[in-house]
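Good morning, colleagues. Please bring up the sequence and the model, and I shall take you through the architecture step by step.

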Amino acid sequence: MQLETRAVHAGRQVDPATGAVMPPIHLSTTFERDADGAYPHGYIYTRSGNPNRQALEQCLAQLEGGAAAAAFSSGMAATMAVLQAFQPGDHVLLPADVYYGTRKLAQEIFRPWGLAVSTVDMADLEQVRAAIQPQTRLVWVETPSNPLLKITDIAAVAEMAHRVGARCVVDNTWATPVLQQPLSLGADLAMHATTKYLGGHSDLLGGALIAREEDDFFLRIREIQATGGAVPSPFDCWLLLRSIRTLPYRMRAHCHNGLAVARFLQEHPRVEAVHYPGLASHPGHTVAARQMQGFGGMLSIQVAGGADAAMAVASRVRLFTRATSLGGVESLIEHRASVEGPASTTPPNLLRLSVGLEHPDDLIADLAQALG
């Protein structure tokens, strides 16, 4: 089936008890045993399994073309589960331009625990090749990256990782399965902060890991999920499954609007740089065009005049909302360095834009008046 069809039908069936087309929300935390001690319906306790979560995981696996999926309470919980699956002394390689929460988790929590962590510019394959060590066990890819939208060649990096027996995990949050399918390019796992585009309405928190193969490593992920208990609520699973039905069509509009806004900003005299892989001038455009089916609704700009000028632009928007997060139907703008704090490596004059589903002419008019 095509992706649009899978988004509507994967993980869903008519409720056999009532004939309800939409699945019911199963809020029960516990499930009845038979007299002989068995669990005839396959559920024991909602931390280890729930009908809504099972339906969501089936849907996510089919969307990404994977063998299995595990849903978590947040994207960071999913990331943590991957890092917890390794051992002290293992080496983890991250992109230099990686989501600051991922960097913070690896360096401030798992490095003291014993993981060896290093970063490299993954847009440069020679740097990646030089940075991979015999003890490397994980190469974490984020493409497009947050917040500079750098592009990594997934197939090439996955091949390098596999040569030393390492896993390649791709944070696919910004692209979604609609625009990019890392598992088909050789990645072992795809990660999503489902809070973002998959949820799409800024009203749920969640994360997910989808595996190309249901191997021993993924079973370890499953064990961490069930034992650690960082799982989404049944209602959040139900909300996410509902939202995924419109994902392919929402992403087309995000891509259309994102490109229109990027082209406008590229020509504005008060904008020093536009970071958007859909522009031919972007250094990763060729690779992005090869491995993506669209360029998404995320972009970053650097405003002439430094941090104060960037903050002033953000203060003057009327249609964009000044807020953290991304992927909702509404357009957001934020000054990333001030969000990330003193340890931020983000340029101080950078604004990150999540381009929503409003009419692009209205978004462009708002940015035009804000830039002056």
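A crossing of two helices is called left-handed if the near helix is turned anticlockwise from the far one by less than a right angle. With that in hand, the crossing of α2 and α9 is left-handed. By class, this contact has 11 nonpolar residues, one polar residue and one charged residue. I should say at once that we are looking at a predicted model.

Let me stay with this helix pair. Two packed helices are described by the angle between their axes and the distance between the axes. Here, the axes of helix α2, residues 51–64, and helix α9, residues 234–244, come within 8 Å, and they cross at roughly 35°. On the α2 side, the contact is made by N52, R53, A55, L56, C59, L60 and L63. On the α9 side, the residues are P234, C237, W238, L240, L241 and I244.

One of these residues deserves separate attention. Is R53 buried or exposed? R53 has a relative accessible area of 3%, and because the cut-off for buried is under 20%, R53 counts as buried. R53 is in helix α2. Setting aside neighbours within four places in sequence, R53 is in contact with T46, R47, S48, A71, Q225, V231, P232 and C237.

I turn now to the sheets. Strands of a sheet pair through backbone hydrogen bonds, either parallel or antiparallel. One open sheet has seven strands, in the order β1-β7-β6-β5-β4-β2-β3, and its pairing is mixed. Its edge strands are β1, residues 68–72, and β3, each of which pairs on one side only. From one strand to the next, the twist averages 20°. Helix α2 packs on this sheet, where α2 touches β1, β6 and β7, and the direction of α2 makes about 125° with that of β1. Helix α8, residues 216–228, lies across β1, β5, β6 and β7 and runs at about 25° to β1.

Within the seven-strand sheet, strand β4, residues 136–142, pairs with strand β5, residues 167–171, in the parallel sense over five bridges. The bridge partner of V139 in β5 is C168.

At the edge strand β3, residues 116–120, we find A116. A116 has 31% relative accessibility; because buried means under 20% and exposed over 50%, A116 counts as partly exposed. Beyond its neighbours within four places in sequence, A116 is in contact with D90, H91 and V92. A116 and Q87 are 29 residues apart in sequence, and their C-alpha atoms are 9.9 Å apart in space.

Next, an annotated position. Where does UniProt place the feature "modified residue: N6-(pyridoxal phosphate)lysine"? The record, an unreviewed entry, places this feature at K196. K196 is in the loop between β6, residues 189–192, and β7, residues 207–211. The relative accessible area of K196 is 17%, and K196 is buried. Not counting residues up to four places away in sequence, K196 touches T173, S325, L326 and G327.

There is also an open sheet of five strands, in the order β8-β9-β12-β11-β10, with mixed pairing. Here the edge strands are β8 and β10, the latter at residues 321–322, and each pairs on one side only.

Why is strand β9, residues 298–303, described as largely enclosed by the rest of the structure? Because six of the six residues of β9 are buried. In a regular strand the side chains alternate between the two faces of the sheet. In β9, M298, S300 and Q302 point one way, while L299, I301 and V303 point the other way, and all are buried.

Strand β9 has two partners to report. Strand β8, residues 271–275, runs antiparallel to β9 and is joined to it by four bridges, with A273 opposite Q302. Strand β12, residues 350–354, pairs with β9 in the antiparallel sense over five bridges, with L299 opposite L353. Strand β11, residues 332–335, pairs with β12, also antiparallel, over four bridges; there, H335 has L351 as its bridge partner. Helix α10, residues 247–266, lies across β8, β9 and β12, and runs at about 15° to β9.

I close with helix α3, residues 75–84. Seven of the 10 residues of α3 are buried, so α3 is largely enclosed by the rest of the structure. The buried residues are G75, A77, A78, T79, A81, V82 and L83.

Notes: Residues are numbered from 1 along each chain as its sequence is written. This is a predicted model: local features need pLDDT of at least 70, side-chain atom pairs count only at pLDDT 80 or more; totals for chains, interfaces and linings use all residues. Side-chain values use heavy atoms; hydrogens and water are left out. Axes are lines fitted to C-alpha atoms, for helices over the stretch in contact, and angles run from 0 to 180 degrees between N-to-C directions. Helices (H or I, at least four residues) and strands (E, at least two) are DSSP runs, numbered from the N terminus. Contact means heavy atoms within 4.5 Å. Ala, Val, Leu, Ile, Met, Phe, Trp, Tyr, Cys and Pro count as nonpolar, Asp, Glu, Lys and Arg as charged, and the others, Gly among them, as polar. UniProt positions are given in the numbering used here, feature names are shortened, and annotations may be inferred rather than shown by experiment. Buried means under 20% relative accessible area, exposed over 50%, partly exposed in between (1.4 Å probe, protein chains only). Two strands pair if DSSP finds at least two bridges between them.
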